Amino acid sequence: MITIVGAGLGGLTLASVLHRNGITAVVYDAELSRASRAQGGMLDIHEDTGQAALRAAGLLEVFGKLTLEHGDAMRILDKTGTLRMAHDGNGLRPEIDRGTLRNLLLSSLPPDIVRWNKRVTGISREHRGFKLSFADGSVASAEILVGADGAWSKVRPLVSDVSPSYSGISFVELRYLDVDRKHPTAAALVGKGLMFALSDERGIFGHREPNNELCVYAALKVPADWSRQAISRDLLHQHFHGWHADFHEMLANSDGDLLPRSVWMLPEEHSWPRTPGVTLIGDAAHLMSPFAGEGANLAMIDGADLARAIIAHPDDIERAFAAFEATMFPRAREAAAQSAAGLELAFEPNAPLAMLDFFTPKG
């Protein structure tokens, strides 16, 4: 049996492809239930990674019916509110709500595969594998272990002594309900897909979501502990001093609490020696900033690729893990470099000029 820690997109893709091919897995997750918290905003799913993983799980056709129409449209503005670039998208990277995608993957699994309310507090090696200890006092044994448990993985220390480092960027998440009626200024700024507003080494990013909602992130270059203070609207207004009044109206009038989120990364070259019985996928393996849109896509293709390696070598897990890592490490390095470059484009002093140049077709 394959033991997976983490019921995010990577862990569920792995479990789904294994289950489709008759291989048993169990997934432990810290959340109380599949519906215990919101899963986040929109994801653009790439053809060669996320979509390929869904195809391997037999879910691509259903996925296509769940995407947001025009979700890949994009607008780039500067702090004056001037529209510097716009396009309507081409459908190659369809957008889907993260929670909807997670539910799609969960729907492909028998309900007893995912064990909820199982927060791992410790892992130790045993003679024939690993012992997992959970916050509820229970324990479980695992002969074959996959860490799909995200940025602060409990499995990662088994293979690597590297921890995430702060990217220098923190977000404050704002959400808007019934946006076209209640928040027409925010709706107009964001448009029907994705919006980047960039200047002064800071940004406001927004995305249209299903049910006439918006998710917006105010992004700032601030110290790592900045997000630990009480974040007020007045504080956001100060950070965006000199920006157009429409942006300040957006910051002033969101629905619900302001949610600070600091952005952390693993080194671009993160890897580990082949470690018997265990490997990592997704953010546990290659946490990066969101500025290449690769995180969820890589987690899913990691899950699919690892499943295929296990299916190809069901009686030699070390060969399967080695084959998977040989593919995953260079792919992750390339994506992490793209992510780091995207972060630099977004927050350089002359933004959004470099990003406009990046998206301008070259003759």
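Is Pro352 buried or exposed? Welcome to a short tour of close-up views, which takes up that proline in its own legend. The model is predicted: local features need pLDDT of at least 70, side-chain atom pairs count only at pLDDT 80 or more, and totals for chains, interfaces and linings use all residues. Residues are numbered from 1 along each chain as its sequence is written, and side-chain values use heavy atoms, with hydrogens and water left out.

**View 1. Pro352 sits in the loop between α11 and α12 (353-359).** With a relative accessibility of 2%, Pro352 counts as buried (buried means under 20% relative accessible area, exposed over 50%, and partly exposed in between, with a 1.4 Å probe and protein chains only). Look at the backbone just before the ring: the peptide bond from Ala351 to Pro352 is cis, with omega near 15 degrees. For a sense of distance, Lys192 and Pro352 are 160 residues apart in sequence and 20 Å apart in space, C-alpha to C-alpha. Element names here and below follow DSSP runs, numbered from the N terminus (helices are H or I of at least four residues, strands are E of at least two).

**View 2. An open sheet of 3 strands runs in the order β8-β9-β10, with antiparallel pairing.** β8 (120-126) and β10 (139-142) are the edge strands, each with a single partner, so one side of each has no neighbour in the sheet. From one strand to the next, the twist averages 20 degrees (axes are lines fitted to C-alpha atoms, for helices over the stretch in contact, and angles run from 0 to 180 degrees between N-to-C directions). Strand β9 (residues 129-134) pairs with β10 over 4 bridges in the antiparallel sense; two strands pair if DSSP finds at least two bridges between them. To find your place along the strands, use Lys131, which stands opposite Ser141 in β10.

**View 3. Strand β13 (residues 194-199) is largely enclosed by the rest of the structure, because 5 of its 6 residues are buried.** Strand β4 (residues 74-77) runs parallel to β13, and 4 bridges join the two. β13 is also joined by 6 bridges to strand β14 (residues 202-209), here in the antiparallel sense. Met195 is a handy landmark for both pairings: Met195 is the bridge partner of Arg75, and Met195 stands opposite Gly206 in β14. The hairpin of β13 and β14 has 2 residues between the strands, and in it Asp200 takes a positive phi near 55 degrees.

**View 4. β15 (residues 213-221) pairs with strand β12 (residues 165-176) in the antiparallel sense over 8 bridges.** Along this pairing, Glu173 has Tyr217 of β15 as its bridge partner. β14 and β15 also run antiparallel, joined by 8 bridges, and Glu209 stands opposite Glu213 in β15. The hairpin of β14 and β15 has 3 residues between the strands. In that turn, Asn211 has a positive phi of about 65 degrees although it is not a glycine. At 67% relative accessibility, Asn211 counts as exposed.

**View 5. His70 lies in the loop between α3 (60-64) and β4.** Here is another residue other than glycine with a positive phi, near 65 degrees for His70. With a relative accessible area of 39%, His70 is partly exposed.

**View 6. Helix α8 (residues 245-252) has Phe247, His248, Met250 and Leu251 as its buried residues.** Seen down the axis of α8, these residues fall within an arc of 155 degrees, so they line one face of the helix. The arc is that of the directions from the helix axis to the C-beta atoms. An α-helix has 3.6 residues a turn, so residues three or four places apart point the same way.

**View 7. The second largest pocket holds about 170 Å³ of space.** On a 1 Å grid over the protein atoms alone, a pocket is an open set of points with protein on both sides within 12 Å along at least five of seven lines, and lining residues have an atom within 4 Å of a point. The volume is the space filled by probe spheres set on the points, with grid points joined across faces, edges and corners. Among the lining residues are His46, Arg93, Glu294 and Gln338. Helix α11 (residues 317-347) gives the largest share of this lining, 4 residues. By type, the lining divides into 2 nonpolar, 3 polar and 6 charged residues (Ala, Val, Leu, Ile, Met, Phe, Trp, Tyr, Cys and Pro count as nonpolar, Asp, Glu, Lys and Arg as charged, and the others, Gly among them, as polar).

Methods: On a 1 Å grid over the protein atoms alone, a cavity is a set of points where a 1.4 Å probe fits but cannot get out, and a pocket is an open set with protein on both sides within 12 Å along at least five of seven lines; lining residues have an atom within 4 Å of a point.
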